[in-house]
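User: I am in my first year of study and would like a close look at a single part of this model. Please take one helix and its surroundings and explain, step by step, how it sits among its neighbours.

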Amino acid sequence: MQRFIPSFALAAAVLLHSGTGWSEDDIFEFVPDGGRTLLGVLMEQDAADDVASAIAAREDGPEGWSATLQASPSAAELDTWQIDTLAHYLATNAPFDPDGALPQDGRDMTLNLCQSCHIVTVVVTQDRTREAWLGTLHKPSHIEIEMTEAERGALADYLVINGGIPIDLVPPALRAGGASY
Ligand code: HEC
């Protein structure tokens with residue numbers, strides 16, 4: 001599985017979020033884009049019309065969404081794991097209006113919910129199955145976190161695909177104490 005962050009998505013994310021406080025030296029840039037950001041990039045393209053209508057109308061599983069994305073020229077620049085990330089995001093959230101406010105994704109949840117008790121490095125460096133992630137999220141230490149079951153599943157999906165980031169890709173400032181919590 002690929003672990004580097006494609007410059008295409010990064011550049012687009014910086015563009016999309018300029019004005020909302022993001023900058024190129026964002027220390028969390030190494031945490032891969034989630035479905036919300038990837039979809040935002042897709043919606044900028046004219047070729048995304050078919051995908052947009054499908055998202056507004058259809059409920060489907062990750063495989064179905066993956067097939068839809070792979071058939072669309074708008075997703076040509078996405079890597080395999082980004083298509084997988086976006087497909088799982090759509091499986092959780094569609095149908096919804098892709099031109100409206102987009103639902104939170106696994107990256108959003110990771111950054112918003114997983115840093116108050118320990119460093120985020122504890123989370124994003126783990127390479128685990130969905131069942132193992134759900135196990136962690138149901139431990140006594142985590143069950144009190146305010147998340148629905150659907151959100152726990154969506155976070156697990158994101159981390160299965162995007163977790164396991166090698167420590168040397170984690171900014172040094174986030175490495176210290178990475179193994180303690
Ligand atoms: C309320 C405090 C708290 C929050 C918030 C929190 N954690 Fe933890 N986490 C802990 C504690 C305490 C430990 C060590 C004890 C344990 O493992 O139960 C831990 C350990 C971990 C571990 C390593 C041990 C294991 O079970 O695999 C992972 C992975 C982890 N947390 C993931 C997460 C994720 C993902 C989130 C965000 C949804 C999160 N944590 C948010 C308290 C928290």
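Analyst: The account below begins with the whole chain, turns to helix α6, and then follows its neighbours outward.

The model is a predicted one. Its protein chain contains ten helices and zero strands, and accordingly the order of elements along the sequence reads α-α-α-α-α-α-α-α-α-α. Of the 181 residues in the chain, 46% count as buried. Among contacts in the chain with a separation of 6 or more, 71% are between residues 24 or more positions apart.

Helix α6 spans residues 106–113. Six of its eight residues are buried, so the helix is largely enclosed by the rest of the structure. The residues in question are G106, R107, D108, M109, T110 and L111. A residue counts as buried when its relative accessible area is under 20%. What lies over these buried residues? The cover includes α2, α7 (121–124) and α10 (149–162).

The N-terminal end of α6 has a cap, namely D105. A side-chain oxygen of D105 is placed 3.0 Å from the backbone nitrogen of R107.

Among the covering elements, α10 deserves a closer description. The axes of α6 and α10 are 8 Å apart, and the two helices pack at an angle of about 105°. Angles from 65 to 115 degrees count as roughly perpendicular, and α6 and α10 are therefore described as roughly perpendicular to each other. On the α6 side, the contact is made by G106, R107, M109 and T110; on the α10 side, by E151, A154, L155, Y158 and L159. Sorted by class, this contact has five nonpolar, two polar and two charged residues.

The path now continues along α10 to N162, a residue of that helix. N162 is buried, with a relative accessible area of 3%. Which side chains does N162 meet through polar contacts? One is that of W81, at 3.4 Å, and another is that of T85, at 3.0 Å.

T85 belongs to helix α5, and its relative accessible area of 5% places it among the buried residues. The side chain of T85 also has a polar atom 2.7 Å from the backbone oxygen of W81. Leaving aside residues up to four places away in sequence, T85 touches D33, G34, G35, L38, Y158, I161 and N162. Y158, one of the residues touched by T85, is also part of the contact between α6 and α10. A further pair illustrates how the chain returns to this region: T85 and V160 are 75 residues apart in sequence, yet their C-alpha atoms are 9.3 Å apart in space.

Between α5 and α6 there is a loop, and P95 is found in it. The peptide bond leading from A94 to P95 is cis, with omega near 0°.

The next neighbour is α2, which is one of the elements covering the buried residues of α6. Helix α2 (residues 35–43) also meets helix α3 (residues 49–57): their axes come within 9 Å and cross at roughly 135°. That angle makes α2 oblique to α3. The contact is formed by L39, L42 and M43 of α2 together with V51, A52 and I55 of α3. By class, the contact of α2 with α3 has six nonpolar, no polar and no charged residues.

Two residues of that contact, L42 and V51, are also touched by S74. S74 is located in the loop between α4 (62–70) and α5 (80–93). At 2% relative accessibility, S74 counts as buried. Its other contacts, not counting residues up to four places away in sequence, include Q45, A47 and A48. In addition, the side chain of S74 makes a polar contact of 2.6 Å with the side chain of S72.

Finally, the ligand may be considered. Which of the 18 residues around the ligand come nearest? They are C114, C117, H118, R128 and H142. The side chain of H118 has an N or O atom 2.7 Å from a nitrogen atom of the ligand. For H142, a polar side-chain atom is likewise 2.7 Å from a nitrogen atom of the ligand. In the case of R128, an N or O atom of the side chain is 2.5 Å from an oxygen atom of the ligand.

In summary, α6 is a largely enclosed helix, with α10 packed roughly perpendicular to it and with α2 and α7 also among its cover.

Terms used:
Residues numbered from 1 in each chain as written. Predicted model: local features only at pLDDT ≥ 70, side-chain atom pairs only at ≥ 80, totals over all residues. Heavy atoms only, no water. Axes fitted to C-alpha atoms, helices over the stretch in contact; angles between N-to-C directions. Helix = DSSP H or I, 4+ residues; strand = E, 2+ residues; numbered from the N terminus. Parallel < 35°, antiparallel > 145°, perpendicular 65-115°, else oblique. Contact = heavy atoms within 4.5 Å. Nonpolar A, V, L, I, M, F, W, Y, C, P; charged D, E, K, R; others polar. Near = heavy atom within 4 Å. Polar contact = N/O pair within 3.5 Å; in protein donor to acceptor, adjacent residues only side chain to side chain. Buried < 20%, exposed > 50% of the residue type's maximum accessible area, 1.4 Å probe, protein only.
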